[in-house]
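Got the model open in your viewer? Let's walk through it one selection at a time.

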Amino acid sequence: MKTPVNIAVTGAAGQISYSLLFRLAAGDFLGPDQPVNLSLLEIPPAMKTLSGIVMELSDCGFPLLRAVTTATEPETAFGDADYAFLIGAKPRKEGMLRSDLLLQNAEIFSSQGRALNAAAKREVKVLVTGNPANTNALIAIHNAPDLPASNFAAMTMLDHTRAVSQLAAKCAVSSAAITNVAVWGNHSCAQYPDLHHAKVNGAPALSLVDKAWYEEEFIPTVQYRGGEVIKARGSSSAGSAANAALQHMRALVLGTPAGDWASMALLSDGSYGVDADLVFSFPVQVTNGKIGVAQGLEINEFGHEFLLRNQRELREEREAIKHLL
Ligand code: NAX
């Protein structure tokens, strides 16, 4: 048996974590021979709920689950973390402006960035899921100056799996037949789900579906899927978000399949003309643990407009929280 890995999860009493924790403990992340320690961060009012979840984790008798600890202090929760799932965030309440949401969450991610910087392993992999995820990740990166920025990402993998699934359904194939879908930009309705490079069983996707479906159905369906789930379920995506978080982290550990990529929001290195100090979703390849934006893809006028729109939106978000950078 391997040495246990330390996995920190914030917002551990929330609904995404309620799906994620049991899968982490069952071995869905790193496989059946990798024991895990879970370190769960919550705010004080949620600790009672969290204690019930800890009981449930124990009741499962997961052979791989070595230890479960809880904390209300980020530095305690992130001590020696190998992986950190930053899920906890304040929800948008009625009457709250987007700028208020940005500011309240910005405080959380600056303090968690500092705590990761102080306490986590230097190679810790950090995935920011809590919204507004891209800008929260930017804040965490700036507040963790001793950790490589490439250790951090914001989650656009759910947008990616939504796009893959919509295309697979349209072409009546398994999602395994789909490769090279890309989601660019912000995890918001401005995002650009791009099929220009996508393949279905190796054939160009846009040769199999018509342009009107792509532009008028596919793109808005992926962009607004989160809202549709809320309308139907009464609360936001949880099981699918937990699954996407696992897929993102698995891609970091196992690598992306040869020739394919995952969508991840990373600190831009200027690729495709995107401002260097924005966390922007790109098609990303991971090879032998090295993470990089897939290069050399042609972006047409249609796509370029989307990229610019996302850049504008992310610049505005950055402007609202610039005092925390
Ligand atoms: P919940 O409201 O169910 O859970 C959030 C949990 O975070 C609560 O238990 C709360 O007590 C905790 N929390 C709040 N502040 C905290 C802090 N400072 N430290 C630790 N924990 C704290 O939300 P849930 O449905 O689990 O969603 C979590 C976040 O994911 C939200 O911001 C949501 O908008 C975002 N999402 C992001 C997605 C993505 O693709 N990037 C998709 C799903 C989801 O919408």
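**Stop one: a loop with an odd phi**

Select Ala172, which is found in the loop between α6 (157-171) and β7 (178-179); helices here are DSSP runs of H or I with at least four residues, strands are runs of E with at least two, and both are numbered from the N terminus. Before going on, note that this is a predicted model, where local features need pLDDT of at least 70, side-chain atom pairs count only at pLDDT 80 or more, and totals for chains, interfaces and linings use all residues. Residues are numbered from 1 along each chain as its sequence is written, and side-chain values use heavy atoms, with hydrogens and water left out.

What is phi of Ala172? Its value is near 55°, positive in a residue other than glycine. Most residues other than glycine have a negative phi, and most peptide bonds are trans.

**Stop two: a cis bond**

Jump to Pro132, in the loop between β5 (125-128) and α5 (133-142). The peptide bond from Asn131 to Pro132 is cis, with omega near -5°.

**Stop three: the ligand**

Keep Asn131 selected and add Gln15, Ile16, Glu42 and Thr129: these are the closest of the 23 residues that surround the ligand (a heavy atom within 4 Å counts). That shell divides into eleven nonpolar, eleven polar and one charged; nonpolar means Ala, Val, Leu, Ile, Met, Phe, Trp, Tyr, Cys and Pro, charged means Asp, Glu, Lys and Arg, and the others, Gly among them, are polar.

Now show the polar contacts (pairs of N or O atoms within 3.5 Å):

- Gln15: an N or O atom of its side chain is 2.9 Å from a ligand oxygen.
- Thr129: a polar backbone atom is 3.3 Å from a ligand nitrogen.
- Gly14: a polar backbone atom is 3.4 Å from a ligand oxygen.

With a surface on, you'll find that the protein covers 82% of the 880 Å² of accessible area that the ligand has on its own (Shrake-Rupley method, 1.4 Å probe). To finish, colour α1 (15-26) and α4 (98-119), the elements that give two or more residues to the shell around the ligand.

Definitions and conventions: A polar contact is a pair of N or O atoms within 3.5 Å; within protein, one must be able to donate a hydrogen and the other to accept it, and residues adjacent in sequence count only if both atoms are side-chain atoms.
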